[in-house]
Structure formats: C-alpha cells, structure tokens
Amino acid sequence: MRAEAVPQLPPGLPLADAYRIQHAVVGRRLERGERLAGTKLGMTSRAKMAQMGISEVICGQITDAMAVPDGGAVDLARLIHPRVEPEVAFRLARDIDLTGPDAEVDILACVDAVAPGLEIIDSRYADFRFSLPDVVADNTSAAFFVVGPWWALDEATREALGDLTVELVIDGEVAERGSTGEILGHPLDALRALVPLARERGFPLTAGQILLAGAATAAAPLRPGRVQARVARLGIASAVAEYA
C-alpha cells in the first residue's frame, strides 16, 4: 500500500496532547512487534529551525523497524516526500531512572560511544507543512535512520565534537555543509536538553538505546541514488535510496 499524505491537525492542539498522540502512534508500532531503538531530538539546528519555521527543541522515538544498515537501501515507494539530513548519534550505556535518584543525572556520564548518522524524515502532512504540535504528533517525521561506525566517547572526542565539519553528500556532490556546532551549539548540549524533555514527556532512556542529537544542516530532498553523511573524525554513514 502506497503511503498518502493527510491534512494537518486542527489548530490550537496543546503540545501535551501532541505528545500523547505520538506515544499512541509509537505504541501501535510496538504492539505490531517493533522494538524501541532509541530517541531522537528534533529542531536542534538553527538551519532546520529556520527551514521549518519552528523554534522549540522536540523529541521523537525510533524503532528497530526504522533502522537501515550502514550502506543499506531505503525504499522510496514507502515514503511520501522524504528528506535526508546528517546526524550525530550517541549510544546510551546504562538505564536512566528519570523518576528516581537519576532525575538530575548528567547524561554525558551515561553514553559510551558516538557515530555519524543519517536520518530520513517523511512528514505525513500534505505539502510538508506543519505546526509544532503537528510534527510532535507525527513522531517528529521519523521514517528511517542509519548509524555509521561507533567510536569510544573519550575526552579527546568530546572536546572535538563541538566543531566538526559535517557534509551531506548526494551522488558524490555536497548538497549541504555545516558543523556539529550547529546542533544546539554542541551535540553534547543537545544530549543535556534531552534529559528534561524525556522526564517531562515520558520517554524511557535505557541501556543500548541510540540517541540522535539532531541535524547539523538543513534537510535535502531524498531521491534515487547514494547519500552520505560525512562527519570529520567520525567517518561516513551511507544509504542508497531506490524504488524497490
């Protein structure tokens, strides 16, 4: 069945209700047998905020069914109007109890690895137009994600992460170029922003989860061909977009 766009939600939806809708949508995926793979932050780059006209950091959830192996294929036939953006991904090393003594935890002490990544987003709304509650209810447009090679998050890597060159390369041509500093000033600051959001909106943070810190550039339309996220020091994450 081909995916089809839907109208935007009625205006005035409270953000809390939008997150409840998101949890219900993700809950249906889990009921079908998918497993929660992690959490993604959205609207963490100035370029992306400007592109979408949204100015608040938001949160979504990713499942194992959204994972594409590094270098693997993305079936465009399953998507409506897909776009792609380069990401920095982190791996959570232990469970965080956001209702108990971990409520004020430093999440940086709980992640053990970092990797380059790609996120394929696909808003379900007509004309790729939406408000902040719209995109939250739509699970922040989550469609697929790719994670490249993992690197230990040692002190030297942490220091370097604040200003690494990031390129989105489509069929060998640089489509977008930016810096990890575009992600809330520093990807580690994006991780810190995740803790209060997860606590407030009811997102579990458990060992092994992948945390997508957000895009370092504006998103580009995804068409048939090869796409890469190149992050200095971290390497490359890639995928092939095709009609299966």
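His 186 touches several residues that lie beyond its neighbours within four places in sequence: Arg 158, Leu 161, Gly 162, Thr 180 and Gly 181. This comes from a predicted model. His 186 sits in a loop. That loop runs between strand S10 (173-179) and helix H5 (187-201). Is His 186 buried or exposed? Its relative accessible area is 16%. Buried means under 20%, so His 186 counts as buried.

**The largest pocket**

Now to the largest pocket. Its volume is about 640 Å³. The pocket is lined by 24 residues. Closest to its centre are Val 25, Arg 29, Arg 124, Asp 138 and Ala 142. Helix H1 (15-31) and strand S7 (142-147) each give at least two residues to the lining. Which element supplies the largest share? It is H1, with four residues. By class, the lining holds 14 nonpolar residues, nine charged ones and one polar one.

**Salt bridges**

The model has ten salt bridges. Three of them are listed here.

| Pair | Distance, N to O |
|---|---|
| Arg 29 and Glu 34 | 2.8 Å |
| Arg 32 and Glu 34 | 3.8 Å |
| Arg 35 and Asp 64 | 3.5 Å |

Start with Glu 34. Its side chain meets that of Arg 29 in one salt bridge and that of Arg 32 in another. Arg 29, Arg 32 and Glu 34 are thus linked in a network of salt bridges. Arg 29 also appears among the residues closest to the centre of the largest pocket.

How accessible are the members of this network? Arg 29 and Glu 34 are both buried. For Glu 34, the relative accessible area is 15%. That value is under the 20% cut-off, so Glu 34 counts as buried. Arg 32 has a relative accessible area of 61%. Exposed means over 50%, so Arg 32 counts as exposed.

The side chains of Arg 35 and Asp 64 also meet in a salt bridge. This pair links distant parts of the chain, 29 residues apart. Where do the two partners lie? Arg 35 is in the loop between H1 and strand S1 (36-42). Asp 64 is in the loop between strand S2 (58-63) and strand S3 (67-68). Arg 35 counts as exposed because its relative accessibility is 55%. Asp 64, at 29% relative accessibility, counts as partly exposed.

Key
Residues numbered from 1 in each chain as written. Predicted model: local features only at pLDDT ≥ 70, side-chain atom pairs only at ≥ 80, totals over all residues. Heavy atoms only, no water. Buried < 20%, exposed > 50% of the residue type's maximum accessible area, 1.4 Å probe, protein only. Contact = heavy atoms within 4.5 Å. 1 Å grid on protein atoms, 1.4 Å probe; cavity = no way out; pocket = protein on both sides within 12 Å on 5 of 7 lines; lining within 4 Å. Points joined across faces, edges and corners; volume = space filled by probe spheres on them. Nonpolar A, V, L, I, M, F, W, Y, C, P; charged D, E, K, R; others polar. Salt bridge = Lys/Arg side-chain N within 4 Å of Asp/Glu carboxyl O.
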